[in-house]
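Okay, thanks for coming, everyone. I'd like to walk through how the chains meet in this one, and then stop at a couple of residues. Let me put it up on the screen.

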Number of protein chains: 6
Amino acid sequence: MPTETTNKIAVYPGTFDPITYGHIDVIKRSQKLFEKVIVAVLENSRKSCLFSTAERIDMIKNSVADIEVESFSGLLVDFLKRKNAFFVIRGLRAVSDFDYEFQMAIANKSLVPEIETIFIMTDKEHFYLNSTLVKELAKNRADLKDLVPEPVERALQEKFK
Amino acid sequence: MPTETTNKIAVYPGTFDPITYGHIDVIKRSQKLFEKVIVAVLENSRKSCLFSTAERIDMIKNSVADIEVESFSGLLVDFLKRKNAFFVIRGLRAVSDFDYEFQMAIANKSLVPEIETIFIMTDKEHFYLNSTLVKELAKNRADLKDLVPEPVERALQEKFK
Amino acid sequence: MPTETTNKIAVYPGTFDPITYGHIDVIKRSQKLFEKVIVAVLENSRKSCLFSTAERIDMIKNSVADIEVESFSGLLVDFLKRKNAFFVIRGLRAVSDFDYEFQMAIANKSLVPEIETIFIMTDKEHFYLNSTLVKELAKNRADLKDLVPEPVERALQEKFK
Amino acid sequence: MPTETTNKIAVYPGTFDPITYGHIDVIKRSQKLFEKVIVAVLENSRKSCLFSTAERIDMIKNSVADIEVESFSGLLVDFLKRKNAFFVIRGLRAVSDFDYEFQMAIANKSLVPEIETIFIMTDKEHFYLNSTLVKELAKNRADLKDLVPEPVERALQEKFK
Amino acid sequence: MPTETTNKIAVYPGTFDPITYGHIDVIKRSQKLFEKVIVAVLENSRKSCLFSTAERIDMIKNSVADIEVESFSGLLVDFLKRKNAFFVIRGLRAVSDFDYEFQMAIANKSLVPEIETIFIMTDKEHFYLNSTLVKELAKNRADLKDLVPEPVERALQEKFK
Amino acid sequence: MPTETTNKIAVYPGTFDPITYGHIDVIKRSQKLFEKVIVAVLENSRKSCLFSTAERIDMIKNSVADIEVESFSGLLVDFLKRKNAFFVIRGLRAVSDFDYEFQMAIANKSLVPEIETIFIMTDKEHFYLNSTLVKELAKNRADLKDLVPEPVERALQEKFK
């Protein structure tokens, strides 16, 4: 079992293609709860990404102050071990993700029993927001200022120029 | 806010690859409610289509009498603006679409606040019917006469000859 | 089939114990679509009500300008017939109501085939709001000003004095 | 905003009529994350309880070592304020609770913005376990040893003697 | 483990207050699969019933030819044991029952490991039909001939005379 | 209608890429109910498979004793006809499959009315297990011994060597 002093490290994994205000809301809520929150950017996501891993990491660093961001590939539990982290953070948005979320949470726990997956509710403003929608809107030159931070908005405009 | 006399125009967007009796059921119900219903065929759908945009439009025109059909690409709200329409029609079929439907409805409303998304219930005969199923059945030469109108059945037979 | 000129009358049925900003949001959206919207207050609801039918009607009239409000008991379709209305309005809030909503919509349609049930999405501010929650909060003297109109707030304060 | 040193207090509210291994699983997971976890037993639950508030508190104390247990009535947020707690813990079991959980979480947050509701996944052994089922089984003299701790089993046997 | 020759007995438990064509559809489908299907009418249901246990049994016998019907109280698994049955039949209607169905199926299996719960899909005509709806319609003198067999219709008319 | 003596043949269709203990659990439960269970491996699945059809069939035969396994392409109902089978078995795992399951069950029934789709509940150990997860874990050299039989584990290790 994790000792009292070292275990309040949490990992927030995802594709972040790109990061939205929904993700940032989850990060800020998590930081109130954990000593350290590491954003873990999945490298070889099954879905092909609009932005490279490096670009996705840069956008997160430019959007959230003082946050540790790293990329990872392979199993999440292996990344957790390397980081000595025992908590996984998942943002709760929509019913439809649920099944997959539970599956991953149970799979991770069966691989490393000490791991807890903590679900944090996105605020209702961001409950239906996701990266796919943001990209769709960006492609059609819609206003994104309520959906993503300014550095992300600029990066999207650049991509779809 | 839309004025009383001009705003009863509704747009029913979709891929319609191909149109089924489920879609036609929604169109007929909508026509009882709105002064004009425009079927908007999405051009650059993310999923690759079996039929071209022109073929999909033709099948709709051959299956529904006196209906306005147009293709569109880009954001639905931009198409609505061009058509001076303030209502979007969505057929309610299955729970699993729900999250996406709400997301799109909220996104559209946040882009153009006057827009209302109206959900109309498909009758229970068509509650589990969709275009993917129809194509799967057509590919295997199943009888389609309860699922799609005759011009669509012929077009499907031609494709899978 | 309803004729073109007389059929744009809609009924919005419910218990309204009490009316909330969520209900009012649905009424306002409906009024953009229908010539007349009648709020139908269910008299003998299975759940016992905090407010009498008369009180519930009064609160609606004091909260929404120029709205027709009536009580009804028995089958909704019988009320619709008396009002010569062919449309039922239902606010779409949460996944969990869904099954019941469909059941009622199909039951109503099987009794009177001309009836259409139209689902209108509550805005996201009110997506998780309902009368039970409002009463719970009122009982504990919480601030209700974002949840119900001022006449309803006063009536609730009076009840729980 | 809560300060770094005082805010790691969490409240786990519920009826606990009686406590099950599912609840205890959530408590143990929470204790790894928070400095203090207070179990808050709801006094005037809408559903009438099999056990009195005092009995329910006793069973919790007899089942979980070194846990702070208190009863509360009224709004949860008022109890949180009195305890200087900013976190609410909810066990994630079944899809059907979801809507209610979100509603309460949003309502609590709208009353006291600093409050975070944290969802913790029950392990799969207890995913379908609840107090109602336990009482049903106890009434029919089924074996309860995998469902509730020994003091609860005895209390149930006593009740249904 | 049940032996090959004796175990094709199934129990279909429920309140049946009253039996509908939805239940009968499930019974008929079950009879194609099992050697014997026993309809088990729950005596002390938590919800108070419109019809007495004897009336509910009579209506089933008058509506379905050559069916074994019995009442039971207490745990379903105890009834199964007395009947030497290893299969429980449940009609699959709506998403919202799901959680409860799984809970009961798992509970039954944990009490008697040999028990299998078999879910059979109601046909789409009856997917949204249930006894509560039927009673609501009967109370208001709606036509019930597509929903319940003739003996049930008469019994309902008698009750609500 | 199927005759009493020939109709207790069931088909369990799927991709089985690869077979897991979840599938095997469903097969074993089905064998208690049916005279013969045929595992039907879908050849031209829309999703590209990790294993060839021959490899998938081999793994099933090496993992389950005395089971009939065949590949099929085209419509499931055509395969059922060739096998003189009237029952389709589906494992019930997660809510999210539900819509698709019903659609297929209704489609199959509308093509061949005698066909019944029987849903069997996976035990709770396997409720969140699927082939995609297994492949993801195998790719990252996780321990698979609780998820798949030994011949499948070896085949996966070989693939990802």
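So, salt bridges between chain B and chain A: the count is zero. This is a predicted model, by the way, so hear everything I say in that light. Polar contacts between these two chains don't add much to the list: the rule finds one residue pair across the interface of chain B and chain A, with both residues at pLDDT 80 or more. On the chain B side, the largest share of what touches chain A comes from helix 4, residues 98–111, which puts in seven residues. If you sort that side of chain B by class, you get six nonpolar, two polar and three charged residues. In terms of contacts, 11 residues of chain B touch 13 residues of chain A. And the area that chain B and chain A bury between them is about 1000 Å², with 63% of it on carbon and sulfur atoms.

Now swing over to chain A and chain D. Here 23 residues of chain A are in contact with 24 residues of chain D. The buried area for this pair is about 2400 Å², and carbon and sulfur atoms give 71% of that. Which three residues of chain A supply more of the area buried against chain D than any other three? They're Lys32(A), Leu33(A) and Met121(A), and together they supply 30% of what chain A buries there.

What about charges? Between chain A and chain D we count four salt bridges. One to look at involves Lys32(A) again, which pairs with Glu116(D), and their closest N and O atoms are 3.2 Å apart. For polar contacts, the count between chain A and chain D is seven residue pairs, both residues at pLDDT 80 or more.

Where on chain A does that side come from? The elements giving two or more residues are helix 1 (21–33), strand 4 (87–92), helix 4 (98–111) and strand 5 (116–121) of chain A. Strand 5 of chain A gives the most, with six residues. By class, the side of chain A that touches chain D splits into 14 nonpolar, two polar and seven charged residues.

Let's talk symmetry for a second. Chain A can be laid on chain D by a turn of 180° and a shift of 0.0 Å along the axis, with an RMSD of 0.0 Å. That's the relation of a two-fold axis. The residue of chain A that comes closest to the rotation axis is Phe119(A), with its C-alpha at 2.5 Å. And 100% of the interface residues of chain A are also interface residues in chain D, so the copies meet through the same surface.

Okay, two residues to finish. Over in chain E, Asp25(E) sits in helix 1, residues 21–33. Buried or exposed? Asp25(E) counts as buried, because its relative accessibility is 12% and the cut-off for buried is under 20%. The side chain of Asp25(E) makes a polar contact of 2.9 Å with the side chain of Arg29(E). If you skip neighbours within four places in sequence, Asp25(E) touches Met121(E), Thr122(E), Asp123(E) and His126(E).

The other one is Ser52(D), in the loop between strand 2 (36–42) and helix 2 (53–63) of chain D. Ser52(D) is partly exposed, at 35% relative accessible area. Ser52(D) and Lys135(D) are 83 residues apart in sequence, and their C-alphas are 14 Å apart in space.

Technical notes: Residues are numbered from 1 along each chain as its sequence is written. Chains are lettered from A and ligands numbered from 1 in the order in which they are written. This is a predicted model: local features need pLDDT of at least 70, side-chain atom pairs count only at pLDDT 80 or more; totals for chains, interfaces and linings use all residues. Side-chain values use heavy atoms; hydrogens and water are left out. Copies are superposed by least squares on the C-alpha atoms of residues with pLDDT of at least 70 in both. Contact means heavy atoms within 4.5 Å. Helices (H or I, at least four residues) and strands (E, at least two) are DSSP runs, numbered from the N terminus. Buried means under 20% relative accessible area, exposed over 50%, partly exposed in between (1.4 Å probe, protein chains only). A polar contact is a pair of N or O atoms within 3.5 Å; within protein, one must be able to donate a hydrogen and the other to accept it, and residues adjacent in sequence count only if both atoms are side-chain atoms. Buried area is the accessible area (1.4 Å probe) that two parts lose on being put together, summed over both. A salt bridge is a side-chain nitrogen of Lys or Arg within 4 Å of a carboxyl oxygen of Asp or Glu. Ala, Val, Leu, Ile, Met, Phe, Trp, Tyr, Cys and Pro count as nonpolar, Asp, Glu, Lys and Arg as charged, and the others, Gly among them, as polar.
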